[in-house]
Amino acid sequence: MNQTFPDALRAGDLEAIRRWPKSDLHNHLVGGGDAAYVSAKTNVRIDALDHKLRSIAEMHAWADRHLGHLNSPGARLLMIEAAFVQAANDGVTRLEGGEDIWAPTFYKCSAAALTESLRGVHLRVAPHVEWIPQLGISRHCLIKDIDRWIRPFLELRFYHTIDLSGDELAQPIENFKPIYRLAKQYGLRLKAHAGEWGDADSVRRAVEELELDEVQHGIAAAESPTVMRFLADNSIRLNVCPTSNLMLSRVESLAVHPIRKFYDAGIKVTINTDDMLMFAQSVPKEFLNIYRAGCLTADELEQVRRNGLSDD
Ligand SMILES: [Zn+2]
């Protein structure tokens, strides 16, 4: 590769940007692939989000309207396949993501069988992409159900990380403490969505209560220099998703995205896609978006790219 990653950004050369190794550490897999790929295989037309939404309720309504036809085990696996294909095509060499732990009730199979299916998809369509298998938890689920669902997955000793997502206001973060203690005993890396809809303190509380290693989004932390210092001092990585934040009205524009403040505060940040089926911006495009918005320089984005290539 003659052209450096910063050169590729400066030239706006998406193909060259694709060729450099990158990570996607905040990708929900089921909604994490290319819409055209899913459409071509299902004949279901998926139009990307073309206007800003203002709440989780609006987001769920959009997903029901546009992805509701894909509500079968086969279609769900196909959407996951699309995420792996997308990663392979985009030079995403580390893809972190997985199914939600309630999923066996939907697929009507065991945790082991579901894990085998996901492994099969990975090895079939993106064997050269390092997949970091993640267990997803939905914030609205009852703790007793989560406890019951997660144990067979943990027993497989296959998964590397755990993430909590969904409605941040559904129940207090403290409720998830026993689940996170359990996951820690199994050696999982701990992540949770925080500070997307909540405030700066909610980010700090999530890190402290759940002993997180990383935060998905965490953008509200930018409101508080104290919380930003806390994140930097404790080496908590933030896996941010710029276009998701923009389209869900969490930021005014990409030019003023908090990733700038995080970078300046010495917080490790990465750039990710969240739900590509909805936001239609790949990892290479997101890097270019942040560069073109004047939010981070090409050299700073090189550091951000490197931040995602290991967990050190
Ligand atoms: Zn997310």
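This passage describes a zinc site, several helices and strands, and selected residues of a predicted model.

The zinc ion is considered at the outset. Its coordination is provided by H26, H28, H193 and D274. Each of the three histidines, H26, H28 and H193, contributes its NE2 atom, while D274 contributes OD. The coordination distances run from 2.1 to 2.3 Å. Along the chain, the donors follow the spacing H-x1-H-x164-H-x80-D. The arrangement of the 4 donor atoms is irregular, because they subtend angles of 82 to 172° around the zinc ion. Four donors would count as tetrahedral if all angles lay between 85 and 135 degrees. Two of the ligands can be described by their accessibility. H26 has a relative accessibility of 0% and therefore counts as buried. H28 has a relative accessibility of 22%, so it counts as partly exposed.

L29 follows in the loop between strand 1 (22–24) and helix 3 (35–42). Its phi is near 60°. This is a positive value in a residue other than glycine. L29 counts as buried because its relative accessibility is 0%.

S235 also has a positive phi, of about 50°, although it is not a glycine. S235 sits in the loop between helix 11 and strand 7 (237–240). With a relative accessibility of 59%, S235 counts as exposed.

Helix 10 spans residues 200–210. Its buried residues are A200, S202, V203, A206, V207, E209 and L210. They pack against both strands and helices. The strands are strand 4 (161–165), strand 5 (189–194) and strand 6 (214–217). The helices are helix 9 (177–185) and helix 11 (225–233). Just after helix 10, E211 takes a positive phi of about 55°.

A192 belongs to strand 5. At 0% relative accessibility, A192 counts as buried. Residues up to four places away in sequence aside, A192 touches D163, L164, Y180, L210, L212, E214, V215 and Q216. One of these, L210, is also among the buried residues of helix 10. A192 and I137 are 55 residues apart in sequence. In space, their C-alpha atoms are 9.0 Å apart.

Strand 8 (residues 269–271) contains T270. T270 counts as buried, at 1% relative accessibility. Neighbours within four places in sequence aside, T270 is in contact with L25, R237, L238, N239, V240, V304, N307 and G308. Residues 237–240 form strand 7, and R237, L238, N239 and V240 are among these contacts of T270. T270 and S282 are 12 residues apart in sequence and 14 Å apart in space, C-alpha to C-alpha.

The packing of helix 15 with helix 16 comes last. Two packed helices are described by the angle between their axes and the distance between the axes. Helix 15 covers residues 283–292, and helix 16 covers residues 298–307. The two pack at an angle of about 145°, and their axes are 10 Å apart. Their crossing is right-handed. Helix 15 contributes F287, I290 and Y291 to the contact. Helix 16 contributes A298, L301, V304 and R305. Of the residues in this contact, 6 are nonpolar, none is polar and 1 is charged. V304, part of the contact between the two helices, also touches T270 of strand 8.

Definitions and conventions: Residues are numbered from 1 along each chain as its sequence is written. This is a predicted model: local features need pLDDT of at least 70, side-chain atom pairs count only at pLDDT 80 or more; totals for chains, interfaces and linings use all residues. Side-chain values use heavy atoms; hydrogens and water are left out. Axes are lines fitted to C-alpha atoms, for helices over the stretch in contact, and angles run from 0 to 180 degrees between N-to-C directions. Helices (H or I, at least four residues) and strands (E, at least two) are DSSP runs, numbered from the N terminus. A crossing is left-handed if the near helix is turned anticlockwise from the far one by less than a right angle, and right-handed if clockwise. Contact means heavy atoms within 4.5 Å. Ala, Val, Leu, Ile, Met, Phe, Trp, Tyr, Cys and Pro count as nonpolar, Asp, Glu, Lys and Arg as charged, and the others, Gly among them, as polar. Donors are N, O and S atoms within 2.8 Å of the metal (3.2 Å for Na, K and Ca); water is not among the atoms, so sites may look incomplete. Four donors count as tetrahedral if all angles lie between 85 and 135 degrees; four count as square planar and six as octahedral if opposite donors are over 155 degrees apart and all others between 65 and 115; anything else is irregular. Buried means under 20% relative accessible area, exposed over 50%, partly exposed in between (1.4 Å probe, protein chains only).
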